[in-house]
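Reader: Please take one part of this model and go through it closely, residue by residue where that helps. After that, set it against the rest of the chain.

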Amino acid sequence: MKHCKRSIALLLAAVTALLCLACCLPAFAESSDDPEHEHNYVAVTVIKATCTEPGLRRYICGCGDVDETRDEEIPATGHRWGPWTTVVEATTEQEGLKERTCINDPSHKDYKKVPKVEPSSFSLFFQKLLARLKGLWDRIFALFYRD
Ligand SMILES: [Zn+2]
Ligand SMILES: [Zn+2]
């Protein structure tokens with residue numbers, strides 16, 4: 001009787017195991033064979049945007065499928081200019097030149113001319129004064145040396 005009980009228990013265990021297997025197998029088959037695989041798209045940057053060129057973001061599933069309807073253009077970032085540095089100092093005689101470099105890509109450079117330095121208002125005042133004095137002197141000179 002003891003022996004019988006044990007075999008019944010074994011049989012029950014075997015049946016449950018089989019039932020469980022029968023239950024789980026289709027699930028296993030589904031995930032490995034995936035006849036009804038549901039795409040799970042993840043955004044992937046395929047082309048990185050540069051300062052001047054737009055990039056591309058695509059939605060790609062783990063299975064390799066691409067949802068082309070969701071392709072997104074990544075706008076160009078635009079240059080990120082660093083501070084201006086002087087290349088040629090401007091003087092009263094010549095224009096100066098300044099340069100700045102892009103932080104994103106150091107091969108991108110921007111230049112601007114710097115206008116000539118205006119003489120200071122002080123020296124302008126003296127220039128005018130001298131011109132006036134010269135005019136005055138010319139008049140006096142003309143008075144004494146008239147033909
Ligand atoms: Zn997929
Ligand atoms: Zn740039």
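Author: The part chosen here is the pairing of strand 1 with strand 2 (residues 55-60), which is antiparallel and consists of five bridges. Strands are DSSP runs of E with at least two residues, helices are runs of H or I with at least four, and both are numbered from the N terminus. Two strands count as paired when DSSP finds at least two bridges between them. The model is predicted, so local features are given only where pLDDT is at least 70 and side-chain atom pairs only at pLDDT 80 or more, while totals for chains, interfaces and linings take in all residues. Residues are numbered from 1 along each chain as its sequence is written, chains are lettered from A, and ligands are numbered from 1 in the order in which they are written.

Two of the residue pairs can be named. Val42 faces Ile60 in strand 2, and Ile47 faces Leu56 in strand 2. Strands of a sheet pair through backbone hydrogen bonds, either parallel or antiparallel.

Thr45 belongs to strand 1. Is Thr45 buried or exposed? Thr45 is exposed, because 12 other C-beta atoms lie within 10 Å; the cut-offs are 20 or more for buried, 12 or fewer for exposed, and partly exposed in between, with C-beta atoms placed from the backbone. If neighbours within four places in sequence are set aside, Thr45 is in contact with Gly55, Arg57 and Ile74, where contact means C-beta atoms, placed from the backbone, within 7 Å. Tyr59 is 14 residues from Thr45 along the chain, and their C-alpha atoms are 8.8 Å apart.

Tyr59 also has a bridge partner in strand 3, namely Asp67. Strand 2 and strand 3 run antiparallel and are joined by five bridges. They form a hairpin with five residues between them, and Gly64 in that turn has a positive phi of about 100°. Strand 3 has nine residues and is hardly covered, with a count of zero buried residues.

Together these strands make an open, antiparallel sheet of three strands in the order 1-2-3. Strand 1 (42-47) and strand 3 (66-74) are at the edges with a single partner strand each, so one side of each has no neighbour in the sheet. The twist from one strand to the next averages 30°, an angle between N-to-C directions on a scale from 0 to 180 degrees, with axes fitted as lines to C-alpha atoms.

The chain holds another sheet. This one is also open, with three strands in the order 4-5-6 and antiparallel pairing. Strand 4 (85-88) and strand 6 (109-114) are its edge strands, each pairing on one side only. On average, its neighbouring strands are turned by 30° against each other, direction ignored. Six bridges hold the antiparallel pair of strand 5 (residues 96-101) and strand 6; within strand 6, Asp110 is the bridge partner of Arg100, and Val114 stands opposite Gly96. Strand 4 and strand 5 are likewise antiparallel, over three bridges, with Val88 opposite Leu97 in strand 5.

As for the whole protein, its secondary structure amounts to two helices and six strands, arranged α-β-β-β-β-β-β-α from the N terminus on. Helix 2 (residues 121-144) spans 35 Å from its first C-alpha to its last over 24 residues, close to the expected 34 Å; that expectation is 1.5 Å times one less than the number of residues. Among the 24 residues of helix 2, the count of buried residues is zero. Over the 147 residues of the protein, the buried share is 0%. Of the contacts with a separation of 6 or more, 30% join residues 24 or more positions apart.

Note on methods:
Contact = placed C-beta atoms within 7 Å.
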